[in-house]
Amino acid sequence: MEILIKNIDVIYSANQEMINNGYIIIKDKLITEVGSGYHEDQEHNKYDQVIDGRGKIALPGLVNCHTHAGMTLLRGYADDLPLNKWLNDKIWPYEAGLNSDDIYWGTMLAIIEMIRTGTTLFADMYFSMDLVAKAVQESGIRAVLSTGLIEANDGRKGLIESLEFSRKWMGGADGRITTMLGPHAPYTCSEGYLREIIDLSNEHNLPVNIHLAETKGEYAEIEKEYGLSPVKYLNNIGLFSRPVVAAHCVYLDDEDIDIMASNQVGVVYNPASNMKLGSGIAPICKMIDKDIKVGIGSDGVSSNNNLDLIEEARLGSYLQKVDKLNPTVMDVHSLLKMLTLSGSRVLQLGDNLGIIAQGNLADIILVNISNNSFYYPHHNNLSNLFYAGSGRDVDTVIINGKIVMNKKNILTIDVEKIYYEVERIIKEK
Ligand SMILES: CSC[C@H]1O[C@@H](n2cnc3c(O)ncnc32)[C@H](O)[C@@H]1O
Ligand SMILES: [Zn+2]
């Protein structure tokens, strides 16, 4: 399968290097050529597909480093509550009534929304992950999947099943799926349970995905129980000897940040969820200054309430600017990097994604900047995208070298069927 995208403006690197009116050639899963100007093969019939990029910009696909896709089923179900009350009184009781079929359809709904808004890779922690993997396989999206483990619910059996899942799906869906272990949080998994997970992570070479230092309440609980901050406690038990994806990281002192910087911890900034649940403001600028890898996540849609990463990045940028009383922090270049290359690095997928460059995996999105008021005038289309536009301006999505959305039509999913099934599930609850 060979695809040519011609007449396209390419924002191809994390430094926003730009090609005007260039071309991209994709062969099978890979980008084989990126260039400027006219390509001599442009008019030849050798391509299976030719996309005219006029009026569009090409960017690397966006990376959502932390979500719970199936939680689309809980959109609007529980709003305006703090994390503890939200989880204990509303979310966990509702989730207890969800079966794997429900999670499949909820995940499909999330995938529709992600593809529509330019996400090509997402990291998911939830239940019934075999069905989540099936949704990923069918839809053509890329994902890093982990079974969320809450010790009181899942116990030993959960550990074993989660390991089986991780081993079964590592490299699955034509290489689009990788896996991690997913202890939910330090307050839902005991020290002994976490130590078992660290051992499994070592033995089976699996990274760990965890919620960390999200609220003041969590900080106080862990400090009371272990006499340490959540980060120092996890460091003491050896978690950071493993590659870790840590979501939230709101409550960190300078020592915590130094510990994270000197280990392989990737941090996920979830600004909408942190604001909506009233959790706090993560010290993202300090972490970036210390060279910690930071990506962006939406968290589940019940605390967001959508999966649009462009909106997420805008919120995250404005939150840091007002927190620091400094408008220069988190500019559009750093937002692009966090949503692409840094996201890929946080998820342990390295530099083969996140840059439109020869030899990289072909995850590319095209955004409409023509006949779209948010992009006029064209002083700076990256600024227009992040500060004026939204993920809804995405027109075309290519993942692993396959066109998954063309002119806003998702080619891999029967969208109407998903809406129907989601409505049915909610009516039956
Ligand atoms: C065990 S699967 C994942 C589990 O996490 C819950 N969840 C969703 N958002 C958050 C959050 O911000 N902090 C902690 N836990 C969260 C989700 O509902 C699932 O039960
Ligand atoms: Zn979460």
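I looked up helix H9 (residues 254-261) in this predicted model and found its buried residues to be Asp256, Ile257 and Met260, where buried stands for 20 or more other C-beta atoms within 10 Å of the residue's own, exposed for 12 or fewer, and partly exposed for anything in between, with C-beta atoms placed from the backbone. These residues lie on the same side of H9 because they cover an arc of only 100 degrees around the axis, the arc being that of the directions from the helix axis to the C-beta atoms. On the other side of H9, I noted Asp254 and Glu255 as exposed.

I then checked what the buried residues of H9 pack against, and listed helix H8 (230-236), strand E13 (265-269) and helix H11 (284-289); contact here requires C-beta atoms, placed from the backbone, within 7 Å. Helices (H or I, at least four residues) and strands (E, at least two) are DSSP runs, numbered from the N terminus.

Next I turned to ligand 1, around which there are 18 residues, with Ile91, Gly148, His184, His211 and Gly300 coming nearest; a residue counts as near if its C-beta atom, placed from the backbone, lies within 6 Å. Helix H1 (83-95) and strand E7 (119-126) are the elements that give two or more residues to this shell, and H1 gives the most, with four.

I took residues as numbered from 1 along each chain as its sequence is written, with chains lettered from A and ligands numbered from 1 in the order in which they are written. In this predicted model, local features need pLDDT of at least 70 and side-chain atom pairs count only at pLDDT 80 or more, while totals for chains, interfaces and linings use all residues.

Definitions and conventions: Contact = placed C-beta atoms within 7 Å.
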